[in-house]
Amino acid sequence: MSTEIVERGAAQADGAAAGYRAGRTLTYATEFARQWRRKRTQLALGFMVVLPIILLLAFELGGSDDDGRSGRGQFSQLSDAAISGGLNFAMFALFVSASFLLVVVVALFHGDTVASEASWGSLRYLLAVPVPRARLLGIKLAVALSYSALAILTLLGTALLLGTLRYGWHPLQSGIAAEIPPGEGMLRLLATAGFLGINMLVVAGLAFLLSVLTDAPLGAVGGAVLLYIVSSILDQITALGELRNFLPTHFAQAYLGLLTTPMQFDDIIKGTISAVCYFTAFCALAFYRFSRKDVVS
């Protein structure tokens, strides 16, 4: 009996209790399931389904209106082509959601990671399991990224399904290039969604950092969205010259290069590098700050 007690209480070589494995604490599947049960996750993903339905109803009920269409630029061209087939409708859905809706959704998933746990008072209990801080942050970041990708895919899949059922399967029309065959158009549509996902890494990293710095989830989400909007406004000021190239939103619409013939990849490559660099920097700061943070909530 005494031998059993000694064995159970024995410490490992690294000082941890016998049987303790850091890799078994707070698994990805556990955190994914926890976040799935939250109302904000269900509402966010649900709205990714509802938005294409709203757009479809708008086109069906709005009728045709040729007044004032000139001068609306690229938006007018994609809007006019949206009812030309499922691929065009899905591309339009991505276009209208890229500048704000996706920003809010991605900021919600990442800005709510640590701040929500702190506001509920459950963060210190997670760390007391004990879950290593780096693992806790890494798992939460991985789950937030997964839900962000799922949101984009949900929006794309719903829009493509509804658009195809209503308008048929036709070549992709961008208004800035010749018609693109359906097969190639599908690949370009997926590439566009992929680039949007990469571009949203800027929002993800910023919201994640703010979530570590504050105990207010709305502050982290709102702060990330606000700073993204400010960057977009500054990018419109041509007087800034070459400085605009360093703004995180400067290459936000580089995906339009995927709709031209031939495709233009220069801005897409630059945008990808910019987004990855910003994301890496923000996440590095978040891990550094959290590893030294005095968690009292």
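A search of the whole structure, which is a predicted model, finds one cavity of 30 Å³ or more. About 60 Å³ of space lies in this largest cavity, and its lining is made up of Glu31, Gln35, Arg40, Phe109, Thr113, Lys140, Val143, Ala144 and Tyr147. Two elements, α2 (28–36) and α9, give two or more residues each to the lining of the largest cavity, and of the contributing elements α9 gives the most, with four residues. Sorted by class, the lining of the largest cavity holds four nonpolar, two polar and three charged residues.

Open space was also examined. The largest pocket has a volume of about 320 Å³, and among the 16 residues that line this pocket, those closest to its centre are Ser99, Tyr228, Ser232, Ala252 and Gln253. The helices α5 (86–98), α10 (182–199) and α12 each supply at least two residues of the lining of the largest pocket, the largest share, four residues, coming from α12. In terms of class, eight nonpolar, seven polar and one charged residues form the lining of the largest pocket.

The elements named above belong to a chain that contains 13 helices and zero strands, so that, by the DSSP runs used to assign elements, the pattern read along the sequence consists of α elements from start to end. Of the 297 residues of the chain, 44% count as buried. Among the contacts in the chain with a separation of 6 or more, 77% are accounted for by residues 24 or more positions apart.

Helix α12 (residues 217–235), which supplies four residues to the lining of the largest pocket, also packs against helix α6 (residues 101–111), at an angle of about 145° and with the two axes 9 Å apart. The crossing in which α6 passes α12 is right-handed. On the side of α6 the residues that take part are Val103, Val104, Ala107, Leu108 and Gly111, and these meet Pro217, Ala220, Val221, Ala224, Val225 and Tyr228 in α12. The residues of the contact of α6 with α12 divide into ten nonpolar, one polar and no charged. Tyr228 is thus named in this contact and is also listed with the residues closest to the centre of the largest pocket.

Helix α9, which gives four residues to the lining of the largest cavity, packs with helix α13 (residues 266–291) at an angle of about 145°, with their axes 9 Å apart, and the crossing of these two helices is right-handed. The contact is made by Arg133, Ala134, Leu136, Leu137, Gly138, Leu141 and Leu145 of α9, together with Phe279, Cys283, Ala286, Phe287, Phe290 and Ser291 of α13. By class, the residues of the contact of α9 with α13 comprise ten nonpolar, two polar and one charged.

Further along, helix α9 (residues 133–167) includes Ala151. Because the relative accessibility of Ala151 is 1%, and buried means under 20%, this residue counts as buried. Leaving aside residues up to four places away in sequence, Ala151 touches Leu45, Met48, Val105 and Phe109; of these, Phe109 is also listed in the lining of the largest cavity. Ala151 and Gly197 are 46 residues apart in sequence, while their C-alpha atoms are 9.9 Å apart in space.

Methods: Residues are numbered from 1 along each chain as its sequence is written. This is a predicted model: local features need pLDDT of at least 70, side-chain atom pairs count only at pLDDT 80 or more; totals for chains, interfaces and linings use all residues. Side-chain values use heavy atoms; hydrogens and water are left out. Buried means under 20% relative accessible area, exposed over 50%, partly exposed in between (1.4 Å probe, protein chains only). Contact means heavy atoms within 4.5 Å. Axes are lines fitted to C-alpha atoms, for helices over the stretch in contact, and angles run from 0 to 180 degrees between N-to-C directions. A crossing is left-handed if the near helix is turned anticlockwise from the far one by less than a right angle, and right-handed if clockwise. Ala, Val, Leu, Ile, Met, Phe, Trp, Tyr, Cys and Pro count as nonpolar, Asp, Glu, Lys and Arg as charged, and the others, Gly among them, as polar. On a 1 Å grid over the protein atoms alone, a cavity is a set of points where a 1.4 Å probe fits but cannot get out, and a pocket is an open set with protein on both sides within 12 Å along at least five of seven lines; lining residues have an atom within 4 Å of a point. Grid points are joined across faces, edges and corners, and a volume is the space filled by probe spheres set on the points.
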